[in-house]
Amino acid sequence: MEIGPDPVDARLGVRLAELRAEHGWSLGELAERSGVSKSTLSRAERAEISPTASLLNRLCGVYGRTMSQLLSEVEAEPALLVRAADQPVWEDRASGFVRRSVSPPHSGLRGELVEGRLAPGADIAYDRPPVPGLEQHIWVLEGVLDVTAQDTDHHLDAGDCLRLRVWGPTRFRCPGPERVRYALAVVLP
């Protein structure tokens, strides 16, 4: 029995293709703008692959969206109250990153709350923010998290909170030995 694509990946692929079409870009043009190969973009749009956090971050940067905004566009219209069991969860299996959208984003609001979890040894690098000047508050709930931003390394233990504006590359790393769970408050500039 052949298993089809994950339903979220399928809806995400359709939305990515729609965004490219709305901008009137070919796969080649999007590849040049994002630094992602045409074949990878094509496979993501057809839901042949589950996009990584890094890939989605690059595409969000090109389209001027946060990852939560993009992911919300493939979900139903957001409600005012979202029960824990109904909060969308997305997993980047390649990196060991799990992302839960705690508060549903809304086009009229600038802030959102996300829960992140990284497995021990997980290391995620973003080459640029999805929106330059994005404000982030990173509050470690369990474990240890190393964050690099603006060429500065920050070591966060449980209870620590780091606030920053993101202009360039960032890196999130779980040195272990346990997983890290953190709350990420994101505020558009």
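## Exercises on a predicted model

Seven elements, namely α5 (67–72), β2 (97–101), β3 (111–118), β4 (123–126), β5, β9 (170–173) and β10 (180–187), each supply at least two residues of the lining of the largest cavity. The structure is a predicted model, and the exercises below start from this cavity and then turn to the residues and elements around it.

**Exercise 1. Describe the largest cavity: how much space lies in it, and which residues are closest to its centre?**

Solution. Begin with the number of cavities, for the structure holds three cavities of 30 Å³ or more. In the largest cavity there lies about 300 Å³ of space. Its lining is made up of 22 residues, and those closest to its centre are Asn57, Met67, Tyr126, Gln136 and Leu184. Next, sort the lining by class, which gives 13 nonpolar, six polar and three charged residues. Finally, ask which element gives the most to the lining of this cavity: it is β10, with three residues.

**Exercise 2. Decide whether Gln136 is buried or exposed, and find which residues it touches beyond those up to four places away in sequence.**

Solution. First locate the residue, whose place is in strand β5 (residues 134–142). Then compare its relative accessible area with the cut-off: buried means under 20%, and because the value for Gln136 is 11%, this residue is buried. Not counting residues up to four places away in sequence, Gln136 touches Leu162, Arg163, Leu164, Val166, Phe172, Leu184 and Ala185. As a last step, look at a distance between backbone positions: the C-alpha atoms of Gln136 and Val186 are separated by 4.7 Å, although the two residues are 50 residues apart along the chain.

**Exercise 3. Explain why helix α4 is described as largely enclosed by the rest of the structure.**

Solution. Count the buried residues of the helix: eight of the 11 residues of α4 are buried, and therefore the helix is largely enclosed by the rest of the structure. By name, these residues are Ala53, Leu55, Leu56, Asn57, Leu59, Cys60, Val62 and Tyr63. Now turn to the largest nonpolar core, which has 45 residues, and in which Phe97, Leu118, Ile138, Leu145, Phe172 and Tyr182 touch the most other members. Helix α4 (residues 53–63) gives the most to this core, with seven residues. This can be set beside a general tendency, namely that in soluble globular proteins nonpolar side chains tend to be buried together. Just after the helix comes Gly64, whose phi is positive, near 70 degrees.

**Exercise 4. Work out why the rings of Trp25 and Tyr63 count as stacked, and then treat Phe172 and Tyr182 likewise.**

Solution. A search of the whole structure finds three aromatic pairs. For Trp25 and Tyr63, the ring centres are 5.7 Å apart and the planes stand at 15 degrees, so the pair is stacked, given that planes under 30 degrees apart count as stacked. Trp25 lies in the loop between α1 (7–23) and α2 (27–34), whereas Tyr63 lies in helix α4, so this pair ties together parts that are 38 residues apart in sequence. Both Trp25 and Tyr63 are buried.

For Phe172 and Tyr182, the ring centres are 6.0 Å apart with the planes at 20 degrees, so this pair is stacked too. Because Phe172 lies in strand β9 and Tyr182 in strand β10, the pair ties together parts that are 10 residues apart in sequence. Phe172 and Tyr182 are both buried. To finish, note that ring pairs link Tyr126, Phe172 and Tyr182 into a cluster.

**Exercise 5. Classify Arg15 and Pro132 as buried or exposed, and list their contacts beyond the neighbours within four places in sequence.**

Solution. Take Arg15 first, which is found in helix α1. Its relative accessible area is 12%, so Arg15 is buried. Leaving aside neighbours within four places in sequence, Arg15 is in contact with Glu22, Arg65, Leu70, Glu73 and Val74.

Pro132, by contrast, lies in the loop between β4 and β5. Its relative accessible area is 53%, and exposed means over 50%, so Pro132 is exposed. With neighbours within four places again left aside, Pro132 is in contact with Val166, Trp167 and Pro189. One further distance completes the solution: the C-alpha atoms of Pro132 and Ser103, which are 29 residues apart along the chain, are separated by 22 Å.

Technical notes
Residues are numbered from 1 along each chain as its sequence is written. This is a predicted model: local features need pLDDT of at least 70, side-chain atom pairs count only at pLDDT 80 or more; totals for chains, interfaces and linings use all residues. Side-chain values use heavy atoms; hydrogens and water are left out. A nonpolar core is a set of buried Ala, Val, Leu, Ile, Met, Phe, Trp, Tyr and Cys residues joined through side-chain atoms within 4.5 Å. Buried means under 20% relative accessible area, exposed over 50%, partly exposed in between (1.4 Å probe, protein chains only). Helices (H or I, at least four residues) and strands (E, at least two) are DSSP runs, numbered from the N terminus. Contact means heavy atoms within 4.5 Å. On a 1 Å grid over the protein atoms alone, a cavity is a set of points where a 1.4 Å probe fits but cannot get out, and a pocket is an open set with protein on both sides within 12 Å along at least five of seven lines; lining residues have an atom within 4 Å of a point. Grid points are joined across faces, edges and corners, and a volume is the space filled by probe spheres set on the points. Ala, Val, Leu, Ile, Met, Phe, Trp, Tyr, Cys and Pro count as nonpolar, Asp, Glu, Lys and Arg as charged, and the others, Gly among them, as polar. Rings of Phe, Tyr and Trp (its six-membered ring) pair if their centres lie within 6.5 Å; planes under 30 degrees apart count as stacked, over 60 as edge-to-face and the rest as tilted.
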